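Reader: I'd like to go through this fold with you. Can we take it step by step?

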Amino acid sequence: MNEFDKIAVLIDADNTQLNKMADVFTEVSAYGRIVVKKAYGNFKKQNLNKWETLIKDLAIKAEQQFDYVAGKNTTDIAMVIDAMDMLHKNMYDAFVLVSSDSDFTPLALRLKESGVFVFGVGEEKTPSAFPAACDRFIYLEYLGKDAKKEEKRKRKVKEKEIVKEEDSAIEELHSLLRIAYEKYQDDDDYVTVSSAGNYIKRVRPEFNAYQYGYSKLSDFLKDYPEKYQVKKDGKGSNVLYYKCLDR
């Protein structure tokens, strides 16, 4: 897992879920130290007036943006300008863009080109271009209390055989696991599950095991014993390895 010293979290308040922000910070904190938390929006508007309490409770800096012209979104522009100013200070090694708006795709691409790590955080409805532009994309539906509910829902779908192995998403995951196996296997023909997971997230930044009905990638592997052999390292640690069985 990447560890970052200085993470900047920029929030598009117009296009994210207010009740998920605490879960977002909890998740992002697993990757390093958050040093900037900013939320952008016209907080005088009725649909954003509930942000005030959250901003105080989570120590977020509110960046107030008035609507200079009706129908024009000044929030996006302000957030982009701020992100570029912060980038040129060379102080931050990771940016987190919290929005379900694909308009931030060019910003994500530009930040990546500069060498910083880019997280995206949004709903599953987020157009695919934005997640693909990030190094890692986190879906709000899989954070906090809803994560377990979503896992159960996905499992029910699987149990009903609505999602079958022939499903393209499942097939793609098997394919990526095979590629990771061929690239990273050790002298004993095993690969660490964490190495495979990191590879998959580089290829598919939006990857999350919850999408397939599992809380962990290792649970997915164990559910296909005809395809994978899973083992611990035998040294008393919790490191898991897998081997592809279908040549």
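Author: Sure. Accessible areas here come from the Shrake-Rupley method with a 1.4 Å probe. Bear in mind that this is a predicted model.

Reader: How much surface does the chain expose, and what share do carbon and sulfur atoms supply?

Author: The total exposed by the chain is about 13,200 Å². Of that area, carbon and sulfur atoms supply 47%.

Reader: And what percentage of the 247 residues is buried?

Author: The chain has nine helices and nine strands. Among contacts joining residues at least 6 apart in sequence, 59% link residues at least 24 apart. As for the buried residues, they account for 47% of the 247.

Reader: Where is confidence lowest in the chain, and where is it highest?

Author: On average the chain has a pLDDT of 87, with 87% of residues scoring at least 70. The low end is helix α6 (residues 145-159), with a mean of 54, and the high end, at 98, is β4.

Reader: What about residues 160-166: how many contacts does that stretch have in the model, beyond near neighbours in sequence?

Author: I'd read that stretch with its score in mind, as the pLDDT there is below 50. Beyond near neighbours in sequence, the contact count for residues 160-166 in the model is twelve.

Reader: Now α4. Why do its buried residues line one face of the helix?

Author: The buried residues in α4 (residues 105-113) are T105, L107, A108 and L111. Look down the helix axis and they fall within an arc of 165°, so they line one face. On the other side, P106 and E113 are exposed. The reason, then, is that arc of 165°.

Reader: What covers the buried residues of α4?

Author: Helix cover includes α3 (74-88) and α5 (129-133). Strands contribute too, among them β4 (94-98) and β5 (117-122).

Reader: Which residue just after α4 takes a positive phi?

Author: Go just past the end of α4 and you'll find a phi of about 95°. The residue is G115.

Reader: Is T16 buried or exposed?

Author: T16 sits in the loop between β1 (4-12) and α1 (21-29). Leaving out neighbours within four places in sequence, T16 contacts I11, M21, W51, V98 and L140. Its relative accessibility is 13%, and the cut-off is under 20%, so T16 counts as buried.

Reader: Last one: which residues does I55 touch, not counting those up to four places away in sequence?

Author: I55 belongs to helix α2 (residues 51-57), and its 12% relative accessibility makes it buried. Its C-alpha atom is 9.0 Å from that of K38, 17 residues apart along the chain. With residues up to four places away set aside, I55 touches F43, I60 and A62.

Methods:
Residues numbered from 1 in each chain as written. Predicted model: local features only at pLDDT ≥ 70, side-chain atom pairs only at ≥ 80, totals over all residues. Heavy atoms only, no water. Helix = DSSP H or I, 4+ residues; strand = E, 2+ residues; numbered from the N terminus. Buried < 20%, exposed > 50% of the residue type's maximum accessible area, 1.4 Å probe, protein only. Contact = heavy atoms within 4.5 Å. Arc of directions from axis to C-beta. pLDDT = per-residue confidence, 0-100.
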